[in-house]
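Subject: Structure for you to look through

Dear colleague,

I am passing on a structure that I would like you to look through at your own pace. Please open it first, and then read the notes below beside it.

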Amino acid sequence: MHIIKRELRAHLKSLMIWSGVMIVLIFLMMSEFAAYYNNPEMADILESMPESMLKAFSMENANLTTVSGYVSLVSFYFYLILGVFSVLLGSSIISKEERDKTSEFFLTLPISREKVIFSKLVAAIINCMILLIVTGGTVIAAVLKYEPNKEFYKFFGLMLIAIFIIQMIFLSIGMFLSSILKRYKSSGKVSASILFGLYIFSIISALNEKLDFLKYVSPFKYFEANKLLNTSEFELKYLLLSFGIITICIIGTFMIYPKRDLRL
């Protein structure tokens, strides 16, 4: 419990900054929605766009004039930003002991490295959940004046679950990479590069049918908000794939990090 509290305090400032950025971004996006709300002319904007572009950003059949349609349209900001937060958190929460020269302190504690990793994982999950709650609460507060219906809340609830799964995928990837990379300074860069690479894969897979297999590589294609809006359910294969990635990365972290030589 002491380590969890320590990690929560250590990342409090970062969490507040990310939360502030999300709050400002959401209200800016929703202020723009005021021009689209119940405006049939705005619906023609998407129809005039190339089909390939609509597919690339999961915008096909999206309706800018409704709350649900607009939120599904801008959802990629939530997936991407919260994904970046999670992968950087997963990377830093493991590597920062070497960066801050506190590895020796942890080695002197009467606890195993496995317990240290578990405590750090719990603290990281709490941070991810707090940012997700801030994001979800801000969106709901911003759309209240448009009187969203029950269908919106059902869709938005599913989308938040999807975002949380994406967060856990990238959190586990960040922790795993940080445990296997010998240079702690490179773990954050490598983790972020992989995330943006996977995001590019999600766009490429939609542009070229021959590269459609890339949708299984990129977590950003697993739970697209537009599909959740239309089907109101998750695809089992993507759920299994997500939990598989998370499980492998977490188990890998617990197996590799305890055997790693730490820089004191």
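Please keep in mind that this is a predicted model. I begin at the surface, where Ile-180, Ile-251, Met-255 and Ile-256 form a nonpolar patch, and together these residues have about 340 Å² of accessible area. Helix H11 gives the most to this patch, with three residues. One residue of the patch to look at is Ile-256, which lies in helix H11 and counts as partly exposed because its relative accessibility is 31%, a value that falls between the 20% limit for buried residues and the 50% limit for exposed ones.

Turning to the interior, the largest nonpolar core has 67 residues, and those that touch the most other members are Phe-78, Tyr-79, Met-159 and Phe-223. Several helices give two or more residues to this core, among them H2 (12-33), H5 (67-99), H7 (113-143) and H8 (150-180). If you would like to trace one of these residues by eye, try Met-159, which, when its neighbours within four places in sequence are left aside, is in contact with Val-71, Ser-75, Phe-78, Tyr-79, Ala-225 and Leu-228.

The aromatic rings deserve a separate look, since the structure holds twelve aromatic pairs. In one of them, the rings of Phe-152 and Phe-156 have centres 5.5 Å apart and planes at 10°, so this pair counts as stacked. Phe-152 and Phe-156 are four residues apart in helix H8, which means that about one helical turn separates them. Phe-152 counts as buried because its relative accessibility is 1%, and Phe-156, with a relative accessible area of 2%, is buried as well. In another pair, the ring centres of Tyr-222 and Phe-223 lie 6.2 Å apart with the planes at 90°, so this pair is edge-to-face. Tyr-222 and Phe-223 are both buried, and they belong to a cluster in which ring pairs link Tyr-216, Tyr-222, Phe-223, Phe-234 and Tyr-238.

Finally, there is a serine to look at: Ser-191 is found in helix H9, and it counts as buried because its relative accessible area is 0%. Apart from its neighbours within four places in sequence, Ser-191 is in contact with Val-87, Ser-91, Gly-174 and Leu-177.

With best wishes

Key: Residues are numbered from 1 along each chain as its sequence is written. This is a predicted model: local features need pLDDT of at least 70, side-chain atom pairs count only at pLDDT 80 or more; totals for chains, interfaces and linings use all residues. Side-chain values use heavy atoms; hydrogens and water are left out. A nonpolar core is a set of buried Ala, Val, Leu, Ile, Met, Phe, Trp, Tyr and Cys residues joined through side-chain atoms within 4.5 Å. Buried means under 20% relative accessible area, exposed over 50%, partly exposed in between (1.4 Å probe, protein chains only). Contact means heavy atoms within 4.5 Å. Patches are made of residues with over 30% relative accessible area and no salt bridge: like charges are joined within 9 Å, nonpolar side chains (Val, Leu, Ile, Met, Phe, Trp, Tyr) within 5 Å. Accessible areas come from the Shrake-Rupley method with a 1.4 Å probe; for residues, only the protein chains shown count as cover. A salt bridge is a side-chain nitrogen of Lys or Arg within 4 Å of a carboxyl oxygen of Asp or Glu. Rings of Phe, Tyr and Trp (its six-membered ring) pair if their centres lie within 6.5 Å; planes under 30 degrees apart count as stacked, over 60 as edge-to-face and the rest as tilted.
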